[in-house]
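These are my notes from a session with one structure, set down in the order in which I looked things up.

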Amino acid sequence: MRERVKQLARNPPGPFRSDFWRSPLRGPWLTAVLGLVLLVAIPIIVVTGFLSNDIYYPRLGGNSVGRPLGPLDFYLFSFPTHPSWLYAATQGLHVTLGLAAFPVLIAKLWSVIPKLFEWPAVRSPMHAIERLSLALLVGGALFEFATGILNIQYAYVFPFFFTTAHLYGAWVFTGAFVFHVLFRFGTMRRALAARGGLAPLRQGVAQTRAEPRDTEASDLIPVSPTAATMSRRALLGTVGVGSLFLLLQGLGDTVGGPLRSLSLFGPRSLRSGGPVGFPINRTAEVAAITSEKVGAAWRLRLRAGGQTVSLSRAQLLRMPQHVHDLPIACVEGWSTTQRWSGVRIMDLARLVGVEGPFQVATQSIASNGVFDTATLSSPQTSDERTLLALRVNGADLSLDHGFPARVIGPGIPGVHCTKWARTMTFATV
Ligand SMILES: Nc1nc2c(c(=O)[nH]1)N[C@H]1C(S)=C(S)[C@@H](COP(=O)(O)O)O[C@H]1N2
Ligand SMILES: [Mo]
């Protein structure tokens, strides 16, 4: 038995053998180039991701839809409502750049795969710490990318609440990422310098050889390389084309308009645009909104303290109407700017005696979804452009877009723009 263990230690199985990985492309230079690209992209994805949590105001009212709030569910500051497209831009950047970085991440993992099979698995306490941090880094990255991509495809195959899991995963990943950059930045810089920066890009497949084992991190270089079947520039070019494609199709979803047709991976209903020509998230049919629920008997109920006021749609239409071009910006990265008209939410607050800063929770007629209630913060409600919209682009709201009335406002996440409003509960702050 002991003999067998000793033999295994000397001669480990398959991928754990140092001569198992043979691509001559692998080496510190390739890993450093891919690392440099990620070093630019990932901080942007991380910062815009944490901003997304900030603007969501998870601690307000029912915004966290019953999920347990932890100390990491912070918000640091009130997200500005100027410019109105700020959230559309930060969230579009988060999702689009995240998607575009995915091929680079896969290529980087490919380039370091022999390290995942290091033998012996743990050599010293320091080595154990390094390997644990790499496990958190790789595991965290794969978890964040996987949950993010599944979320924008509405594929809720995981048994946990997306925003909680994605936020907590982000903390783990970010910690491991910072550690990794501090640990490896010098190695990356020297690996690039040792080969003259981007000079290896000039080599065709015939000149492509394994890197000489004269640098640190030479454990990435195969000990018995095969002949190259593609050049490093072909490999990086392929990854780059994949990333560029994802970047363009994501831009289509964020910028919208004629660019929307680029959005090849967006969920179908978003691409076709629906009856009034702009994306619909959850349709009236899915939300079980029937025409009798929104017919002549519909009333908007306003509540504050002990006071309640009921208004018909005709009464709402007789109040001063205001028109603003405002985006719906979904957490999934798509957005669309339309011309909304309706009554100011602050005017509604006055009707129930609310003066000064206030929050408002809007409850929809539908009650079968987690997005049927949302609370707006006082910076959001004190912006004059925050409306209870009755019309869009000069026509009555369509049933799918929230008829008889819906919330819309500048820099407010789409998920808080409650459609099919029924009750608005005001609270001064
Ligand atoms: N009542 C209700 N309001 C809702 C939703 C919902 O499911 N139910 N979806 C929200 C989400 S996630 C978004 S992005 C926007 C989309 O608005 P639209 O369908 O008019 O484009 O509506 C929001 N308002
Ligand atoms: Mo959304």
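**Entry 1, Thr-423.** I began with Thr-423 in this predicted model and asked myself whether Thr-423 counts as buried or exposed. Its relative accessibility comes to 6%, and because buried means under 20%, Thr-423 counts as buried. I then located Thr-423 in strand 10, which covers residues 421–428, and noted that its side chain makes a polar contact of 3.4 Å with the side chain of Arg-301.

**Entry 2, the sheet.** I next looked up the open sheet, which has 5 strands in the order 2-1-10-5-6, with mixed pairing. Strand 2 (307–311) and strand 6 (373–376) stand at its edges, and since each has a single partner strand, one side of each is left without a neighbour in the sheet. Ignoring direction, I find that neighbouring strands of this sheet are turned by 15° against each other on average. As a reminder to myself, strands of a sheet pair through backbone hydrogen bonds, either parallel or antiparallel.

**Entry 3, strands 1 and 2.** Returning to Arg-301, I asked which residue of strand 2 is its bridge partner, and found Ser-310. Strand 1 (residues 300–304) and strand 2 run antiparallel and are joined by 5 bridges, and I also noted that Ala-304 has Gln-307 of strand 2 as its bridge partner. The two strands form a hairpin with 2 residues between them, in which Gly-305 takes a positive phi near 55°.

**Entry 4, strand 5.** I then went to strand 5, which pairs with strand 10 over 7 bridges in the antiparallel sense, with Thr-362 standing opposite Met-424 of strand 10. Strand 5 is also joined to strand 6 by 4 bridges, again antiparallel, and here Gln-363 stands opposite Thr-373. In a regular strand the side chains alternate between the two faces of the sheet. For strand 5 (residues 358–364) I listed Phe-358, Val-360, Thr-362 and Ser-364 on the covered face, and Gln-359, Ala-361 and Gln-363 on the uncovered one.

**Entry 5, Gly-61.** From Val-360 I followed a link across the chain to Gly-61, as their C-alpha atoms are separated by 8.8 Å although the two residues are 299 residues apart along the chain. Gly-61 lies in the loop between helix 2 (28–55) and helix 3 (86–111). With 59% relative accessibility, Gly-61 counts as exposed, because the cut-off for exposed is over 50%.

**Entry 6, ligand 1.** I asked how many residues surround ligand 1, and the count is 18, of which the closest are Pro-279, Asn-281, His-401, Arg-406 and Lys-419. The residues of this shell divide into 9 nonpolar, 5 polar and 4 charged. Going through the polar atoms, I found an oxygen atom of ligand 1 at 2.7 Å from a backbone N or O atom of Pro-279, and an oxygen atom of the ligand at 2.6 Å from a side-chain N or O atom of Arg-406. A nitrogen atom of ligand 1 lies 3.0 Å from a polar backbone atom of Cys-417. On its own, ligand 1 has 530 Å² of accessible area, and the protein covers 100% of that.

**Entry 7, the whole chain.** Last, I looked up the overall values for the chain, which has 429 residues, 50% of them counted as buried. Its secondary structure comes to 11 helices and 10 strands, and its C-alpha atoms fill a box of roughly 85 × 45 × 35 Å along the principal axes.

Notes: Residues numbered from 1 in each chain as written. Chains lettered and ligands numbered in written order. Predicted model: local features only at pLDDT ≥ 70, side-chain atom pairs only at ≥ 80, totals over all residues. Heavy atoms only, no water. Buried < 20%, exposed > 50% of the residue type's maximum accessible area, 1.4 Å probe, protein only. Near = heavy atom within 4 Å. Polar contact = N/O pair within 3.5 Å; in protein donor to acceptor, adjacent residues only side chain to side chain. Areas by Shrake-Rupley, 256 points an atom, 1.4 Å probe, with all protein chains shown as cover. Nonpolar A, V, L, I, M, F, W, Y, C, P; charged D, E, K, R; others polar. Pairing = 2+ DSSP bridges. Axes fitted to C-alpha atoms, helices over the stretch in contact; angles between N-to-C directions.
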